[in-house]
Amino acid sequence: MQLIPRHDPYLVVHSADGLTVAALRGELDLVLVRHLRPELDALVRESDALTVDIRRLSFCDATGLGLLAHCAGRVHRRGARWRLLCDQPWILRLIRLTALTDVLHPEPGPPDFPDEADAVVGLPDPLGLPDPLGLPDPADRPDPLGLPRPVARPVPTGPVVPLPSEPGVTGPAS
């Protein structure tokens with residue numbers, strides 16, 4: 001199905017040869033999620049290969065990440081191809097901290113991606129792209145902001161005793 005390009009201040013959609021590109025901009029918060037969800041749901045239903053470009057977002061909160069995860073999950077369940085273009089360190093860090101890397105599979109995209117009017121022109125052939133599942137583990141890459149990665153600490157073993165200040169709540173013995 002050939003989707004008709006739609007222009008919106010926050011969402012620009014281009015479709016050609018089975019590839020649909022949805023470029024988001026603005027602040028992806030509760031208000032914008034409510035505005036965009038019907039549009040993105042339609043794209044998820046109708047696209048064989050959906051690329052969501054969030055590199056022009058100025059803000060993204062938990063509801064925005066939730067919408068992206070919802071879309072990615074539905075695309076994967078349909079057996080369609082999903083790409084998330086994101087090169088902003090603060091959004092990549094949110095994705096990593098919320099453990100959504102395996103769902104969203106963010107990738108940087110073309111370095112010289114043009115303005116939204118020419119969005120499809122800068123994308124390589126969708127069939128020639130590397131498989132997003134073949135990306136290196138984000139834990140092997142340095143944090144984009146240079147912050148130390150959280151370290152998993154071993155769970156203490158030993159007898160479990162109730163804490164005196166809260167009856168019925170248990171914790172490790174000191």
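Me: How many helices and strands does the secondary structure of the protein chain come to?

Reply: This is a predicted model, and the secondary structure of its protein chain comes to four helices and eight strands. Read from the N terminus on, the elements follow the order β-β-β-α-β-α-β-α-α-β-β-β.

Me: What share of the 174 residues in the protein chain is buried?

Reply: Buried residues account for 40% of the 174 residues. As for its surface, the protein chain exposes about 10,100 Å², and carbon and sulfur atoms supply 59% of that area.

Me: How should I read the contacts of the protein chain in terms of separation along the sequence?

Reply: One takes the contacts with a separation of 6 or more and asks which of them join residues 24 or more positions apart; in the protein chain these account for 66%. Val13 and Val52 illustrate how sequence and space may be set side by side: they are 39 residues apart in sequence, while their C-alpha atoms are 9.3 Å apart in space. Val13 has its place in strand S2, residues 11–16, and counts as buried at 4% relative accessibility.

Me: How do S2 and S3 run relative to each other, parallel or antiparallel?

Reply: S2 and S3 run antiparallel and are joined by six bridges. One bridge pairs Ala16 with Leu19 in S3. The two strands form a hairpin with two residues between them, and Asp17 in the turn has a positive phi of about 50 degrees.

Me: Is strand S3 mostly covered or mostly open, and how many of its residues are buried?

Reply: Strand S3, residues 19–28, is mostly covered, with seven of its ten residues buried. As a general idea, the side chains of a regular strand alternate between the two faces of the sheet.

Me: How do S3 and strand S4 run, and how many bridges join them?

Reply: Strand S4 spans residues 49–60; S3 and S4 run parallel, with nine bridges between them. Among the paired residues, Thr20 has Leu50 in S4 as its bridge partner. Together with the helix H1, these two strands make a right-handed β-α-β unit.

Me: How many salt bridges does the structure hold, and which residues are linked in a network?

Reply: To read a salt bridge, one looks for a side-chain nitrogen of Lys or Arg within 4 Å of a carboxyl oxygen of Asp or Glu. The structure holds four salt bridges. Arg37, Asp41 and Arg74 are linked in a network of them.

Me: Where do the residues of this network lie in the helices?

Reply: Asp41 and Arg37 meet through their side chains at 3.6 Å, N to O. Both belong to helix H1, residues 30–46, and because they are four residues apart there, about one helical turn separates them. Asp41 is buried, with a relative accessible area of 13%, whereas Arg37 is partly exposed at 35%. Asp41 also forms a salt bridge with Arg74, whose closest N and O atoms are 3.1 Å apart. Arg74 lies in helix H2, residues 62–78, and Asp41 in helix H1, so this pair ties together parts that are 33 residues apart in sequence. Arg74 counts as partly exposed, at 22% relative accessibility.

Me: Which parts does the salt bridge of Glu107 and Arg83 tie together?

Reply: The side chains of Glu107 and Arg83 meet at 2.9 Å, N to O. Glu107 lies in strand S6, residues 106–107, and Arg83 in strand S5, residues 81–85, so the pair ties together parts 24 residues apart in sequence. Both Glu107 and Arg83 are buried.

Me: How many disulfides are counted, and why?

Reply: A disulfide requires two cysteine sulfur atoms within 2.5 Å, and the count here comes to zero. Cys86 is in no disulfide because the nearest cysteine sulfur, that of Cys60, is 8.3 Å away, beyond the limit of 2.5 Å. Cys86 is buried, with a relative accessible area of 2%. Cys71 is also buried, with a relative accessible area of 2%.

Me: Which residues does Leu68 touch, not counting residues up to four places away in sequence?

Reply: Leu68 touches Leu24, Leu28, Val52, Ile54, Trp82, Leu84 and Leu104 on that basis. Leu68 is found in helix H2 and is buried, with a relative accessible area of 1%. Leu68 and Leu104 are 36 residues apart in sequence, and their C-alpha atoms are 7.2 Å apart in space.

Technical notes
Residues are numbered from 1 along each chain as its sequence is written. This is a predicted model: local features need pLDDT of at least 70, side-chain atom pairs count only at pLDDT 80 or more; totals for chains, interfaces and linings use all residues. Side-chain values use heavy atoms; hydrogens and water are left out. Buried means under 20% relative accessible area, exposed over 50%, partly exposed in between (1.4 Å probe, protein chains only). Two strands pair if DSSP finds at least two bridges between them. A crossover is right-handed if, with the strands pointing away from the viewer, the path from the first strand over the helix to the second runs clockwise. Contact means heavy atoms within 4.5 Å. Accessible areas come from the Shrake-Rupley method with a 1.4 Å probe; for residues, only the protein chains shown count as cover.
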